[in-house]
Amino acid sequence: MTLGPRSATGGRVPAFASDGGAAADALAAAGMQAGEMLGLATTEAVGAGTRDPAVASAASYTSGRTAGDPVVVVATGELGVTCAPPDVAEIERRLAPRWVLWSTADAGLLLRHGVALGRAWHVGAVHRILHGGWRCDPMRVWCAVAALPLAGAPIAGQLDLHGAGDEGD
């Protein structure tokens, strides 16, 4: 077992890679109940890693897989699991969670592999309902949830290592 992303309380969430249906068992053992929220993100294997370096336990899971193979990460506040679409189908069948998705692309990848999700919340759509407007980029949603001013949010972009810092160095 490896350590995955930080939990809401600041601790590290245990994470592991699942093959052969152990994902549903691990989630049930961690206390997952039917109808509880379960985060879901997808990416594709690219040899010994994934397209998304933020995927916590995917590196060991994708080792030796074919480029383009789907990789799914599901996470509660207690456990993160990296698995394949058939494992997601088993989680859906056994635990019937309320999936929480950032992107419709995640659901699309699963549908292309024959996996349908019973019920889901799309983070962007929920943001639009609660706060109005059309924009629902990750920074805007995070600032709204955390009651932070959007004007002070970090701006994504390349760091300028030559123009920042003390002028005297």
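**Figure 1. Helices α1 and α3 cross with right-handed geometry.** This is a predicted model. The close-up takes in helix α1, residues 22–29, and helix α3, residues 85–95. The two helices pack at an angle of about 45°. Their axes lie 8 Å apart. That angle makes α1 oblique to α3. The handedness of this α1 and α3 crossing is right-handed.

**Figure 2. G31 sits in the loop that follows α1 and leads to β3.** Strand β3 covers residues 37–44. Is G31 buried, partly exposed or exposed? G31 is partly exposed, because its relative accessible area is 37%, and partly exposed residues fall between the cut-offs of 20% and 50%. Now follow G31 across to E78. In sequence, G31 and E78 are 47 residues apart. In space, the C-alpha atoms of G31 and E78 are 8.5 Å apart.

**Figure 3. The side chains of T42 and D106 meet in a polar contact.** T42 belongs to strand β3. D106 belongs to helix α4. How long is the polar contact that joins the side chains of T42 and D106? The contact spans 2.7 Å. T42 counts as buried because its relative accessibility is 17%, and buried means under 20%. D106 is buried as well. This view therefore shows a polar contact between two side chains whose residues, T42 and D106, are each buried.

**Figure 4. Helix α4 is shown with its buried residues and both of its ends.** The helix runs over residues 104–112. Which residues of helix α4 are buried? They are D106, G108, L109 and L110. At the start of α4, look for S103. A side-chain oxygen of S103 comes to within 2.9 Å of the backbone nitrogen of A105. Then move to the other end. Just after α4 comes G114. Its phi is positive, at about 80°.

**Figure 5. V73 lies in strand β4.** The strand takes in residues 70–75. V73 counts as buried because its relative accessibility is 16%, and the cut-off for buried is under 20%. A second residue to find here is A84. How many residues apart in sequence are V73 and A84? They are eleven residues apart. From C-alpha to C-alpha, V73 and A84 are 8.4 Å apart in space.

**Figure 6. A96 takes a positive phi although its residue type is other than glycine.** Phi of A96 is near 45°. Where is A96 placed? A96 is in the loop between α3 and β6. Strand β6 covers 98–101. A96 counts as partly exposed, with 27% relative accessibility.

**Figure 7. Helices α5 and α6 pass each other in a left-handed crossing.** Helix α5 takes in residues 123–131. Helix α6 takes in residues 138–145. What angle do α5 and α6 pack at? The angle is about 55°. The axes of α5 and α6 are 11 Å apart. The two helices are therefore oblique to each other. One residue to pick out on α5 is L130. L130 counts as exposed because its relative accessibility is 63%, and exposed means over 50%. L130 and A144 are 14 residues apart in sequence. Their C-alpha atoms are 9.6 Å apart in space.

**Figure 8. The charged end of R128 sits over the ring of W134.** How far is the charged end of R128 from the centre of the W134 ring? The distance is 3.9 Å. Next, turn to pairs of rings. Such a pair is described by the distance of the centres and the angle of the planes. A search of the whole structure finds zero aromatic pairs.

**Figure 9. A147 is found in the segment after α6.** A147 is not a glycine, yet its phi is positive. The value is about 55°. Is A147 buried or exposed? A147 counts as exposed, with 68% relative accessibility.

**Figure 10. The whole protein chain holds six helices and seven strands.** Use this view to place the close-ups. In what order do the elements run from the N terminus on? The order is β-β-α-β-α-β-β-α-β-α-β-α-α. The protein chain has 169 residues. Buried residues make up 33% of them.

Definitions and conventions:
Residues are numbered from 1 along each chain as its sequence is written. This is a predicted model: local features need pLDDT of at least 70, side-chain atom pairs count only at pLDDT 80 or more; totals for chains, interfaces and linings use all residues. Side-chain values use heavy atoms; hydrogens and water are left out. Rings of Phe, Tyr and Trp (its six-membered ring) pair if their centres lie within 6.5 Å; planes under 30 degrees apart count as stacked, over 60 as edge-to-face and the rest as tilted. A charge sits over a ring if NZ of Lys or CZ of Arg is within 6 Å of the ring centre and within 35 degrees of the ring normal. Buried means under 20% relative accessible area, exposed over 50%, partly exposed in between (1.4 Å probe, protein chains only). Helices (H or I, at least four residues) and strands (E, at least two) are DSSP runs, numbered from the N terminus. A polar contact is a pair of N or O atoms within 3.5 Å; within protein, one must be able to donate a hydrogen and the other to accept it, and residues adjacent in sequence count only if both atoms are side-chain atoms. Axes are lines fitted to C-alpha atoms, for helices over the stretch in contact, and angles run from 0 to 180 degrees between N-to-C directions. Angles under 35 degrees count as roughly parallel, over 145 as roughly antiparallel, 65 to 115 as roughly perpendicular and the rest as oblique. A crossing is left-handed if the near helix is turned anticlockwise from the far one by less than a right angle, and right-handed if clockwise.
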